[in-house]
Amino acid sequence: MALNPQVTNLIIILGMMQVSKKIPFEDPQVLLGVRILYIVTNIIIAGVYLYLQNKINAKKDLTTLKYVEPAPMGSADEPKLITTTVHSYDLQQLRALWKSQLMGVGMMGVMHLYFRYTNPLLIQSIIPLKGAFEGNLVKIHLFGQPAIGDLKRPWKAAGGLMGMAGQGEPKADKKSIEQAERAGSGGVKEE
């Protein structure tokens, strides 16, 4: 039985916090080494994402994908029918990964350069790299796993704090799609 990725992240964070207490960040050589580690892991992640983009564009899977996107939590909006292609869906997911990674780098830059925090550099050298290789796009396009089971599109939104997602999961069952079509909520093809 494999551990939940959030649990392993917590274990890594707690372990790395203990390790980082013993690392002499005051030493400029050590600090430079940790900064280089952080930069190298982000370059690896960027390389993986660029490779994924090339693989997605090379496959250019134009299979139609229909699903019902739930309304945001707390909103009175109706669930929206989305009609797209596997290619567009994968590129949309990849854009979200890029955005998330850039936000992390930006936040780490502010924490390290402005507030002078050094301990998070070590943790943020490991967690995003681990997360990148656990992603569905990487599993399908890099590791060649078939898109069945948990890897069947559309994917469930990653849970937030303590596994609670901000909205429900997308539904791709025939009944939900027909219900959304009858309600007239969407159905416009996304490009």
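**Stop 1: α2 against α3**

Select helices α2 and α3 and look along the place where they cross: the crossing is left-handed. This is a predicted model, so treat each view on this tour as part of a prediction. The axes of α2 and α3 come within 10 Å of each other, at a crossing angle of roughly 165 degrees. An angle over 145 degrees counts as roughly antiparallel, so α2 is roughly antiparallel to α3.

Now show the side chains at this contact. On the α2 side, pick L31, R35, Y38, N42, I45, A46, Y49, L50, L52, Q53, I56 and N57. On the α3 side, pick H87, D90, L91, L94, L97, W98, Q101, G104, V105, M108 and H112. Colour them by class and you should find 14 nonpolar, seven polar and two charged residues.

**Stop 2: α2 against α5**

Keep α2 (residues 28–59) on screen and add helix α5 (residues 127–134). Their axes come within 9 Å and cross at roughly 15 degrees. An angle under 35 degrees counts as roughly parallel, so α2 and α5 are roughly parallel. The crossing here is left-handed.

Which residues make the contact between α2 and α5? From α2, select T41, I44, I45, V48 and Y49; from α5, select P128, L129, A132 and F133. By class, that contact holds eight nonpolar residues, one polar residue and no charged ones. While you are here, notice I45 and Y49 of α2: they belong to the contact with α5 and are also listed in the contact with α3.

**Stop 3: α1 against α5**

Leave α5 displayed and bring in helix α1 (residues 5–21). The two helices pack at an angle of about 160 degrees, and their axes are 11 Å apart. Are α1 and α5 roughly parallel or roughly antiparallel? They are roughly antiparallel to each other, and α1 passes α5 in a right-handed crossing.

For the side chains, select P5, T8, N9, I12 and I13 on α1, together with I127, K130 and E134 on α5. This contact has four nonpolar, two polar and two charged residues.

**Stop 4: strand β1**

Move to strand β1 and select V68, which is found there. At 6% relative accessibility, V68 counts as buried. Draw a C-alpha to C-alpha distance from V68 to L81: the two are 4.4 Å apart in space and 13 residues apart in sequence. Beyond its neighbours within four places in sequence, V68 is in contact with P79, K80, L81, P170, K171, S176, I177 and A180.

Next select E69, also in strand β1. Is E69 buried or partly exposed? With a relative accessible area of 27%, E69 is partly exposed. Its C-alpha lies 6.2 Å from that of L81, at a separation of 12 residues in sequence.

**Stop 5: backbone geometry in the loops**

Three loop residues deserve a backbone view. Start at K60, in the loop between α2 and β1 (64–69). Its phi is near 40 degrees, a positive value in a residue other than glycine. K60 is partly exposed, with a relative accessible area of 47%.

Then jump to R116, in the loop between α3 (86–114) and α4 (119–123). R116 is not a glycine, yet its phi is positive, at about 65 degrees. At 60% relative accessibility, R116 counts as exposed.

Finish this stop with P154, in the loop between α6 (136–142) and α7 (174–183). Select R153 along with P154: a cis peptide bond joins the pair, with omega about -5 degrees.

**Stop 6: the whole chain**

Zoom out and show the cartoon. The protein chain has seven helices and three strands, and along the sequence they follow the pattern α-α-β-β-α-α-α-α-α-β. Of the 191 residues in the protein chain, 30% are buried. If you take the contacts between residues at least 6 apart in sequence, 69% join residues at least 24 apart.

Last, colour by pLDDT. The mean for the protein chain is 87, and 90% of its residues reach 70 or more. Where is confidence lowest, and where is it highest? The low end is strand β3 (residues 186–189), with a mean of 55, while α2 has the highest, at 96.

Notes. Residues numbered from 1 in each chain as written. Predicted model: local features only at pLDDT ≥ 70, side-chain atom pairs only at ≥ 80, totals over all residues. Heavy atoms only, no water. Axes fitted to C-alpha atoms, helices over the stretch in contact; angles between N-to-C directions. Helix = DSSP H or I, 4+ residues; strand = E, 2+ residues; numbered from the N terminus. Parallel < 35°, antiparallel > 145°, perpendicular 65-115°, else oblique. Left-handed = near helix turned anticlockwise from the far one by under 90°. Contact = heavy atoms within 4.5 Å. Nonpolar A, V, L, I, M, F, W, Y, C, P; charged D, E, K, R; others polar. pLDDT = per-residue confidence, 0-100. Buried < 20%, exposed > 50% of the residue type's maximum accessible area, 1.4 Å probe, protein only.
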